[in-house]
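Biologist: Could you take me closely through the charged side chains of this protein, and through the helix that carries some of its buried residues? I would like one connected account rather than a list.

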Amino acid sequence: MSHLAMPHLAIRKLLPILPLLLLAACTAQTPQAPRAALPPPPDPKTQMTALEDRIEALVEAERLKLDPKAKPLQLDPELMKVARARAADMAAKNYLAHAGPDGVTSATLLMDEDATFQGLLGENLAAQHYVKQTGVNVDVFARRFLDTWVKSKPHRDNLAFPQYDRTGVGAAVNGDTVYVTQLFATDLGLTTLRDPASKPAVFPSPGAAQAASRQPPVRLRGAEGVAPQQSPSR
């Protein structure tokens, strides 16, 4: 009797499984509708103006957070023009440095553009890669650029220097890399053009340039406060 019962129990346990297997087989044979293709991301070149605007807004907010007494930054057309020229040059020639291969700097460009410029010019640079399949998310990229600068003391000191009252941002793209230049400027209260023919004097920090301005006859026309060379930002 025990031998007859065992197969019967085994059959009863297996029977409920058969419909599931058949159902699975039928389900697997049902064709699925193809997924809709995602639209391609925007051409990054069309996003550079929006990126410039977002960086400017984020830097201004961070600057006032670091020093609530810092002067508000006003967008300056000349600084915008020079910042864009520097970003475009870095993108075209694939480098990240405060001076181009030809020796041109933001200070020399600005002094060529404005013969009356004098004071302190600060510059922060950075570059960031992107994946062509996903493109450039303006807000995400702007926050990454800001984060890169804030984590570097020289760059943070540059953007937080309270005497700066003008700024300009330039962004350019080439290949899979976005290059950004942000310029900051102040006349340091200078009212008399010291020497129109003088060349820019480079200082390790805005504070050092400000100290030098109080010790005549140091010439400050086009003085450039730049951060030491680092990667991926400058």
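Modeller: Arg-54, Asp-139 and Arg-143 are joined in a network of salt bridges, in what is a predicted model. By the rule used here, the count of salt bridges comes to eleven. One of them is formed by the side chains of Arg-166 and Asp-76, at 4.0 Å from N to O, and this pair links distant parts of the chain, since Arg-166 lies in strand 3 and Asp-76 in the loop between strand 1 and helix 4, 90 residues apart. Asp-76 counts as buried because its relative accessibility is 14%, under the 20% cut-off, whereas Arg-166, at 22%, counts as partly exposed.

Another salt bridge is that of Lys-81 with Glu-113, whose closest N and O atoms are 3.1 Å apart. Lys-81 belongs to helix 4 and Glu-113 to helix 5 (residues 106-113), so the pair ties together parts that are 32 residues apart in sequence. Glu-113 has a relative accessibility of 39% and therefore counts as partly exposed.

A salt bridge can also sit within one helix: Asp-89 pairs with Lys-93, with 3.0 Å between the closest N and O atoms, and both residues lie in helix 4, four residues apart, about one turn of the helix. In an α-helix there are 3.6 residues a turn, so residues three or four places apart point the same way. Asp-89, with a relative accessibility of 21%, counts as partly exposed, and Lys-93, at 40%, counts as partly exposed too.

As for the helix with buried residues, helix 3 covers residues 48-66, and at 1.5 Å a residue its 19 residues should span 27 Å, which agrees with the 26 Å between its end C-alpha atoms. The buried residues of helix 3 include Met-48, Leu-51, Ile-55, Leu-58 and Val-59, and with them charged residues such as Glu-52, Glu-56, Glu-60 and Arg-63. The buried residues of this helix pack against several elements, among them strand 1 (74-75), helix 4 (77-93), helix 6 (138-150) and helix 7 (153-160), and also against strand 3 (166-174) and strand 4 (177-186). Glu-62, which has its place in helix 3, is buried because its relative accessible area is 12%, under the 20% cut-off. Leaving aside residues up to four places away in sequence, Glu-62 touches Leu-146 and Val-150.

Conventions: Residues numbered from 1 in each chain as written. Predicted model: local features only at pLDDT ≥ 70, side-chain atom pairs only at ≥ 80, totals over all residues. Heavy atoms only, no water. Helix = DSSP H or I, 4+ residues; strand = E, 2+ residues; numbered from the N terminus. Expected span 1.5 Å × (residues − 1). Buried < 20%, exposed > 50% of the residue type's maximum accessible area, 1.4 Å probe, protein only. Contact = heavy atoms within 4.5 Å.
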